[in-house]
Structure formats: structure tokens, C-alpha cells
Amino acid sequence: SHAREVLHCLKSKYFRELRDLRVDGQEVEVPQALSWYPEELAWHTNLSRKILRKSPELEKFHQFLVSETECGNISRQEAVSMIPPLLLNVSPHHKILDMCAAPGSKTAQLIEMLHADMNVPFPKGFVIANDVDNKRCYLLVHQAKRLNSPCIMVVNHDASSIPNLQIDIDGKKEVLFYDRILCDVPCSGDGTMRKNIDVWKKWTTQNSLQLHGLQLRIATRGVEQLAEGGRMVYSTCSLNPIENEAVIAALLDKSQGALELADVSSELPGLKRMPGITKWKVMLKDGQWFEEWKDVPPNRQTQIRPTMFPIKEEEKLKAMNLERCLRILPHHQNTGGFFVAVLIKKSPMPWNKRQPKVNQKLPQRTGDTVEATANLDEGTENITEEPAVVENEESKKMQNLAKPDTEQSKKEGVCGPPPSKKMKLFGFKEDPFVFLPEDDPLFLPIQKFYALDPSFPKMNLLTRTQEGKKRQLYMVSKELRNVLLNNSERMKVINTGIKVWSRNSDGEQFGCAFRLAQEGIYTLYPFIHARIINVCIEDVKILLTQENPFLSKFSSETQKKVKDMAMGSIVLKYDPDPEKPDSLQCPIVLCGWQGKTSLRAFVPKNERLHYLRMMGVEVFKAKRKEEESEGKTEEEVECKQAQLEEGMDVEDKQDSVTKMEAETGEESSNTPGESSAMEVESKTAVLDEFSKNANNHVSQESKD
């Protein structure tokens, strides 16, 4: 519903303002909807970054794009990169693996698809997003965090040897197979020639020859972990057949009928595409061409491999249906060049048809293991696909190394990071994931204060600290909890879960030491039965434009509801009125704080701006600059007085207002634009004023 509101806002306001606009003497082309993307949810603009950033006439539109991108309502991405997730045909119950996920635009699409129904807080499916580069994993975390999903886990592994994960099904350990796998492999990128000048300077045929082996290994590892009947999409932003059809042909050849190319010609109508090719030659850097493997001299057989050549047997080639691959050419619809192949798994891979005992082949971890789960929707199979021999030997070593702490960790429900010996990857040392014990005294006051529903899955709550005070509580879905608890020894988990509660030291005197966090409010809201105030649209505007408004400013209905409620953290809910189609038509849930004489919303800056835009309030920065110069008058004094009356000192208020608490391993992925929009010291009713010192909040909170 929020996406529809953003689309309505774009069409009715921003696109209309771009019509007849001229920048540097040239007419601005209005963005156009991508004809092949469902429900007009993707649009294409020819405006360059430079023009968008530098032109005063486009400043308003640019500010809108940046702000909405920060809150996760818009993603900016190359048009053709949107194709692979669409062809995966994701449903909310699917277990999905994104093998080479950074920077995360496709991952964000997958998360969207899982949450197709906003009324389901915990879809049964999840996304495990992997990348080999530790630093890029944090970029991935930043992208995924914008969508506030409890069903995403970011891990750091080499995709070509990503370990098999185990999950617990009715007390029995089973290997996790994924229903959907996105295999967007590293490539030479020659399809990006329209936007990437380096391609013209550095391109050689050697690039593809060097990448072919890695691409084939990653794709092979992917199909090994795919469930029977599952779908894997292989894609590159290259047009070289060595990286594309050659990889798919080699994979189909060695699968011996276990895989087939899906015919997706009827999917994404409107997308101009070319069929895959069946004939190609291989060229060395020096310009030598080879048509068959037998023509390659021995001294070149390390650079060129047999799998790089097309299949010669006509019948076998015909059975592969390579023409079912998709080739997107740049000049057909003004995009980048792209290759996509959709594979369906019909049976286990031939090299996995033995029936190993899972318990022998995979390390048995009862509490301390981190791997990924993919319950098969079609029912779990007896035939399990085992990892490569090298991986098994490594697993046994791991098992021996980890035995001493396994029992201890099991008792505590701790999913610690893997010991450094096991991981040859470099990066930050991650804090452990510690699930709250069922009898944890911390939870009882929270349950009572917010009157949580008995169905609330408290076992899915976790913290990132084993010792000292728990400052933040995070939440994951039941399925991801299963993955975390059974695989922590072998998976390097970078991030998972959304923040649902933050400690507020002053909250204890009001009955609960934890206030609600805006990031997790849409997940928590269905379970909360107390401290909810339904507000009208005018009240929402006051909450979002004034920093600490007095109760007298709100509607009489709101004042009545607040009157008998104790001070502390609250939920503010707006329900749309279908009889007023011109008003905001999506529900809004905000976190707030009720004081003795005032009511405030704890919502980050960009999210405030988003809601205000949807309500038709002008939030353009340039128009608010005049207001900044106004003196801090009576409003300032009143706000300060109200804070004193509420019994919250400034430091604790600062702590309770700030959105972005310092979290180990996450600092590098957060930007000033994400930090809290509420600057307690500023005490003014002007939106822009409280966004000025957002950076100070982050550093202050880090010190705390």
C-alpha cells in the first residue's frame, strides 16, 4: 500500500512538475514506466546523475529520490538488473539463496516479494544473501536494512564453496535445500559499455577466459543446493558466450538430465529479448581463434578449457534448448546488455545420488551452528546432496575444533561467530547472536506493559551481547532462528534481524525499560494490544512536523485516549478512510512517547518526510530555509518545560529519541541520512532544524 502511495505521489506531483522543464537549454524527458515490469512499479529516467545533482530546477525531484531511497521506498538500479528476481517467481513461503548478492538491489527485490502481504509479519520464507567480499557485505546490510525485514540474513562466504546448512525438522537434522536461488555471478561486465567507460579501455577476451571456471563452479554449487522442482536464475551483465551459454551448456551436460532450461518466453511481456546462441568461437588475447577444443595447442590448454566450446553433438545440443536463454541487447530498449538463464531442477545431481547419512557427512551441532535453512515445500527427500569431498574433510576438522564449547553454547542459545581458524575471510569480528531464554526476567515487564498477544514468538528475540546490559532487542523469523541455531559454527553471519525494542533508562519508572523502535514496529504491531492510540490525519501532521507538541494541540478524541494512559512508549496508528479517496490511503504505524503534557513521535528524518509527502505536505528544503532563521521563541521554552515535567533528563531523552543506536559491525553500513531526525537540544517545531545535528547524535550515542 505504501508503494502505491509513492507511485501516486510521483505521477501526480513530481512527474507533472518535470513536464515542459528545460535544463541548460534542453527539454527534460519525463520518466517512463518500464512496460515489462508488473504494476508500473519500475520507471526509467534518462537524466544523468550530474544533471540531477547540479540543476537547481531538479533539486526538489533529486531530494525526493534520495530521501525515499534512504527509507527503502525506492531503489535505484539498472533496469536489466531487475529481471532475474522477477523470473524467479518468488512466493512468501520460499527459502531463497542469493549467492553473489552485493550491493543488494536484487536482494531488496526478493525481500519485497517475500512481504507481498503486509498483514503477515513473519512470512515462512527467508532470504540468505551471501557475498565473498567482507566490505561489500556491509553495503549489502545497508541496502537490506532499509526494508526492515525479520527474514533476511547476510553471510560472508565464497559462493563456489558455500557450506551446506542444516535445519532441525521435528527434532531431526536435515540438509537445507533452497526453493529459489539467484546466481548473479561475477563477470567481465562488457554489457555495461554504455555507462562504464572502463570497459572500452580495459576489455580483452582474457577477462572471460579467466572468469569462466569460477562462474561454472558457482553455478554448480548453486544447483547442488537447489531443491527438486526449485528454480535457479543464472545471470551476468556480459554478452560474451564464454561467460553465458558456455557455462549453461557445461552445467546441463554434466547434470545428465537433472536440470532443464525453463521456457520463459511468455513471462515479462513487453521485454525485448534475443534467444541464446548455439555456435561461438573462442579467442585468445593475442587474437588467435579456436573452433574446437582439439585445435588448442598444449601450451594454451591452461587458458582455454573444454567447457568453453559449444557442444558438437547436434542431438545433445538440441535437447539443451539453449535458445531459451535470454539475451538483452543495449540498443533494443535503451538498457545495459544482459544475459539470463532460468534452470529447473528435476532430480538430484548425478554426483549426489548416493545416500549419505547426513549425520556422518555434516558436523552435528546442537546449539552453536550457523547455516541456512530451506525447508522443502514439496516435502524433504531422503536423497541428500553432500558437499564436495574437500568440504567434508574441512567440516570434520571444524567439528573437532568446536567440540569443547558446543554444549555450553547450546544451553545459552548462543550463535557465536566462527573461530578465525575456520574462516580464511578477513573483516570485522562480529558479535554473537544470543537468543533470549524462555524464562528471561527481561521479557516479563515488556509483555505486561504492551499486553503482548500469547502468540507472540518471544523465542525469536535476540541480542548481540552475552555480558552486561542488553541495550537492543532484535527479532528474526522462526525459520531464520532455526538456521542460526543449527549452523553458527560454519557460517560467518554478518547481520540478521530487525531492532524491535531499545533500552530507555527512564522507562523503568513507567513500568518498562524498553521503548519501541520504529524499524520493527510493523512487525510488532499485530501482537501489541495495549498503549495504542488511533490518531486522525491532522494529528499525524502535528506529530511529524512538531518536535514535542503539547497535548492541547491534538484532536479532542486523541486527548481523551491519552488522558488515562500512563507515561512511556506508545503506538500511534492512522487508519485510512476509504470514503475520502483524496486522503492518504495507506495505514501508518508510528512509535511515540507520551509525557505528562506532551506527545511526540520517534521517527527517523527520512521516514517523517516520506509520510508528510504522502499527505501532500510540502517538505522541500529550500522552502523551509526561511523558517530556520526564526528565533527560538516561546515554543522553545515550552518544549524545555515539557521535558522537565515528563521526568526525562536531556541525556536519556537523547538516548530514547535517537533512531540509529551504535551496533557492532553496522557502523560502516550506516550513513548520516539514516540517523535520527530528532535533535533534542534544538527545541523547535521546524523539521529542518532537528535534522541539522544528526551526525552529532550518532557520535554521542556511540560514546554512550
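## A tour from the Ser105 loop to helix H19

Select Ser105 to start: apart from neighbours within four places in sequence, Ser105 is in contact with Arg76, Gln77 and Gln143, where contact means heavy atoms within 4.5 Å. The model is predicted, so local features need pLDDT of at least 70 and side-chain atom pairs count only at pLDDT 80 or more, while totals for chains, interfaces and linings use all residues. Residues are numbered from 1 along each chain as its sequence is written, and side-chain values use heavy atoms, with hydrogens and water left out.

**Stop 1: Ser105 and Pro103**

Ser105 lies in helix H5; helices (H or I, at least four residues) and strands (E, at least two) are DSSP runs numbered from the N terminus. Ser105 is buried, with a relative accessible area of 14%. Buried means under 20% relative accessible area, exposed over 50%, and partly exposed in between, with a 1.4 Å probe and protein chains only.

Next select Pro103, in the loop between strand S5 (95-98) and helix H5 (105-114). The peptide bond from Ala102 to Pro103 is cis, and its omega is near 5 degrees. Pro103 is partly exposed at a relative accessible area of 37%. Its contacts, leaving aside neighbours within four places in sequence, are Arg136, Leu139, Leu140 and Gln143.

Now colour the residues that UniProt lists, in an unreviewed entry, for "binding site": Cys100, Ala101, Ala102, Pro103, Gly104, Ser105, Lys106, Asp131, Asp158 and Asp184. UniProt positions are given in the numbering used here, feature names are shortened, and annotations may be inferred rather than shown by experiment.

**Stop 2: Cys237**

Move to Cys237, which the UniProt annotation "active site" covers, again from an unreviewed entry. Cys237 sits in the loop between strand S11 (226-236) and helix H9 (245-255). Is Cys237 buried or exposed? Neither: Cys237 is partly exposed, with a relative accessible area of 24%. Show the residues that Cys237 touches, not counting those up to four places away in sequence: Cys187, Gly189, Asp190, Gly191, Thr192, Gly337 and Phe338.

**Stop 3: the nonpolar cores**

A nonpolar core is a set of buried Ala, Val, Leu, Ile, Met, Phe, Trp, Tyr and Cys residues joined through side-chain atoms within 4.5 Å. Select Trp36, Ile83, Leu87, Met99, Ile128, Met232 and Ile248; of the 93 residues in the largest nonpolar core, these touch the most other members. Strand S17 (residues 338-345) gives the most to this core, with 7 residues. Domain 1 (2-71) and domain 2 (79-100 + 159-352) both give residues to this core, so the core lies between them; the domain bounds come from an automatic or database domain assignment. Another core, of 42 residues, lies apart from the largest one, and among its members are Leu47, Phe554, Tyr574 and Ala601.

**Stop 4: the S25 to S28 sheet**

Ala601 also leads to the next selection, as the bridge partner in S28 of Gly592. Which strands make up the open sheet, and in what order? The order is S25-S26-S27-S28, and the pairing is mixed. Two strands pair if DSSP finds at least two bridges between them. Strand S25 (532-534) and strand S28 (599-601) are the edge strands, each pairing on one side only. From one strand to the next, the twist averages 35 degrees. Strand S27 (residues 588-594) pairs with S28 in the antiparallel sense over 3 bridges.

Add helix H18 (residues 556-563), which lies across S25, S27 and S28 and runs at about 165 degrees to S25. Axes are lines fitted to C-alpha atoms, for helices over the stretch in contact, and angles run from 0 to 180 degrees between N-to-C directions.

**Stop 5: helix H19**

Select helix H19 (residues 605-614), which is mostly covered, with 9 of its 10 residues buried. The buried residues in H19 include Glu607, Arg608, Leu609, His610 and Tyr611. After H19 comes Gly616, with a positive phi near 85 degrees.

**Stop 6: positive phi outside glycine**

Two residues remain to be selected. Asp20 is not a glycine, although its phi is positive at about 60 degrees. Asp20 is in the loop between helix H1 (2-18) and strand S1 (22-23), and counts as exposed at 72% relative accessibility.

Ala451 also has a positive phi in a residue other than glycine, near 45 degrees. Ala451 lies in the loop between helix H14 (443-449) and strand S20 (461-463), and is partly exposed, with a relative accessible area of 29%.
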